[in-house]
Amino acid sequence: LQWDEFYCCQHYVCDCVCEGWGDPHYITFDGLFYSFQGNCTYVLMEEMWPRHHFKIYIDNVNCDPTEDVSCPRAIIVSYRSTVITLKNHNLIGAAQLEALIDGVSLRLPFTRHGVKVMNSGINMVLEIAQLQVVVTFGVTGFSVNLPWQHFGNNTQGHCGTCSNNQADDCMLPGGQLVENCAVMADYWPAKDLYQPDCHVPPGIPTNSPLPEPTQKPCKPDSSVCDLLKDSIFAACHPFVSPDNFFKGCVYDSCHVSNPAVECTSLQTYAAACAQFGVCIYWRNHTALCASDCPADKVYKPCGPAEQPTCDDNPDESRMNFTTEGCFCPDGMKLFNKDSGICVDKC
């Protein structure tokens, strides 16, 4: 519940969740879907009025030799004096994930200045507990989870405005609104990073609709995509609509030569479902999207981002977030945070 601007009445508001996947497709904080194929580093989210000194960039690069499409290569999170890059070194196969500060690789799990970073083997999860912020990044893409109480009506960039109103999501720097978020996205390059090959489009776009680009005829091989509307995900449909994820999946099926990219739509949808408490075991329904865990770990679609260890201190707060990944078998836990070895007795 949130008070209105006159502190007269209370109304319900939603926290801010932005997702991106594939080549890439975005769902803004307010639920607006669009696709954008820019090849640059952009402002994914920043505060309109700096309160917490928090900003996120997204680094998109061309990722297909036959089509003009891009994929998220890295997420850069800046909080106060700490800047952490979450990077995937392999955009067309199994994830090769790395977290860095000033180009130096971090040993995960990592904690400093209120920022915690974990690795599930499929996703990296960054948490700022004081702000209740959780950012995930992996082979599928990213998610940004912000609480309304800290960020409501105070965000701009590719993820939109977090106003609980889609009408103002496609906002340019300076506040002008345009009708198409794919047009808006081009105007948000990360200006405080050195990018000599990235240029802001000349002039401010008009609100006249752009002609639709001519695309080659496509009959998608959507057998994987169809799973999104199948009974496998039926328990989640009342909580999260699969429509935008299906649109993104079909687009990827048509425009990306690597068929495994279609899996990113399913994985991102399953992750959204997990945050509503709906855990979906979907990977065993398609050979294309099978999980690959080490022999001593088991795949779980909804495991703890911060895995239990023998060294755990019951007085310390733990990350309250679930993610898919490779975990110790039931009845076992990690020997310590650094070892990665599962034991049944401490």
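A residue counts as buried when its relative accessible area is under 20%, as exposed when that area is over 50%, and as partly exposed in between. The legends below describe close-up views of a predicted model.

**Figure 1. The salt bridge between Lys55 and Glu46.** The structure holds 11 salt bridges, and this view presents one of them. The side chains of Lys55 and Glu46 meet with a separation of 3.5 Å from N to O. On the basic side, Lys55 is partly exposed, its relative accessible area being 22%. On the acidic side, Glu46 has a relative accessible area of 14%; because this value is under 20%, the residue is classed as buried.

**Figure 2. Lys337 and its salt bridges to Glu306 and Asp312.** The closest N and O atoms of Lys337 and Glu306 lie 3.5 Å apart, and the two residues form a salt bridge. Lys337 belongs to the loop between strand S20 (333-334) and strand S21 (342-343), whereas Glu306 belongs to the loop between strand S18 (298-304) and strand S19 (322-327); the pair therefore ties together parts that are 31 residues apart in sequence. Glu306 is buried, because its relative accessible area of 6% falls under the 20% limit. Lys337, at 34% relative accessibility, is partly exposed. Lys337 also meets Asp312 in a salt bridge, with an N to O distance of 3.9 Å. This second pair likewise links distant parts of the chain, with Asp312 in the loop between S18 and S19 and Lys337 in the loop between S20 and S21, 25 residues apart. Asp312 is partly exposed, with a relative accessible area of 27%. Through shared partners, salt bridges join Lys116, Glu306, Asp312, Arg318 and Lys337 into one network.

**Figure 3. The open sheet of 8 strands and the helices packed on it.** The strands follow the order S5-S4-S3-S16-S15-S14-S13-S12, and their pairing is antiparallel. Strand S5 (33-35) and strand S12 (110-112) stand at the edges; each has a single partner strand, so one side of each is left without a neighbour in the sheet. From one strand to the next, the twist averages 10°. At the S5 edge, strand S4 (residues 25-27) runs antiparallel to S5 and is joined to S5 by 3 bridges. Within this pairing, His25 has Ser35 of S5 as its bridge partner. Helix H3 (residues 243-255) packs on the sheet and touches strand S3 (16-21), S4 and S5, its direction making about 170° with that of S4. Helix H4 (residues 262-274) lies across S3 and strand S14 (123-128) and runs at about 165° to S3.

**Figure 4. Strand S14 and its antiparallel partners S13 and S15.** Strands of a sheet pair through backbone hydrogen bonds, either parallel or antiparallel. S14 is mostly covered, 6 of its 6 residues being buried. Asn123, Val125 and Glu127 point one way from the strand, while Met124, Leu126 and Ile128 point the other way; all are buried. Strand S13 (residues 115-119) pairs with S14 in the antiparallel sense over 5 bridges. In this pairing, Val125 of S14 is the bridge partner of Met118. The hairpin of S13 and S14 has 3 residues between the strands, and Gly121 in this hairpin takes a positive phi near 95°. S14 pairs in the antiparallel sense with strand S15 (residues 133-138) as well, over 6 bridges. Here Asn123 stands opposite Gly138 in S15. The hairpin of S14 and S15 has 4 residues between the strands, and in this hairpin Gln132 takes a positive phi near 60°.

**Figure 5. The interface of domain 2 and domain 3.** The domain assignment divides the chain into domain 1 (17-186), domain 2 (223-285) and domain 3 (298-343). Taken over C-alpha atoms, the centres of domain 2 and domain 3 are separated by 26 Å. Domain 2 contributes 8 residues to the contact and domain 3 contributes 6 residues. The size of an interface is often given as the accessible area lost when the parts come together. Between them, domain 2 and domain 3 bury about 600 Å², with 57% of this area on carbon and sulfur atoms. Across this interface, 1 salt bridge is found. In a further detail of the model, Arg283 and Glu324 form a salt bridge whose closest N and O atoms are 2.9 Å apart.

Note on methods. Residues are numbered from 1 along each chain as its sequence is written. This is a predicted model: local features need pLDDT of at least 70, side-chain atom pairs count only at pLDDT 80 or more; totals for chains, interfaces and linings use all residues. Side-chain values use heavy atoms; hydrogens and water are left out. A salt bridge is a side-chain nitrogen of Lys or Arg within 4 Å of a carboxyl oxygen of Asp or Glu. Buried means under 20% relative accessible area, exposed over 50%, partly exposed in between (1.4 Å probe, protein chains only). Helices (H or I, at least four residues) and strands (E, at least two) are DSSP runs, numbered from the N terminus. Two strands pair if DSSP finds at least two bridges between them. Axes are lines fitted to C-alpha atoms, for helices over the stretch in contact, and angles run from 0 to 180 degrees between N-to-C directions. Contact means heavy atoms within 4.5 Å. Domain bounds come from an automatic or database domain assignment. Buried area is the accessible area (1.4 Å probe) that two parts lose on being put together, summed over both.
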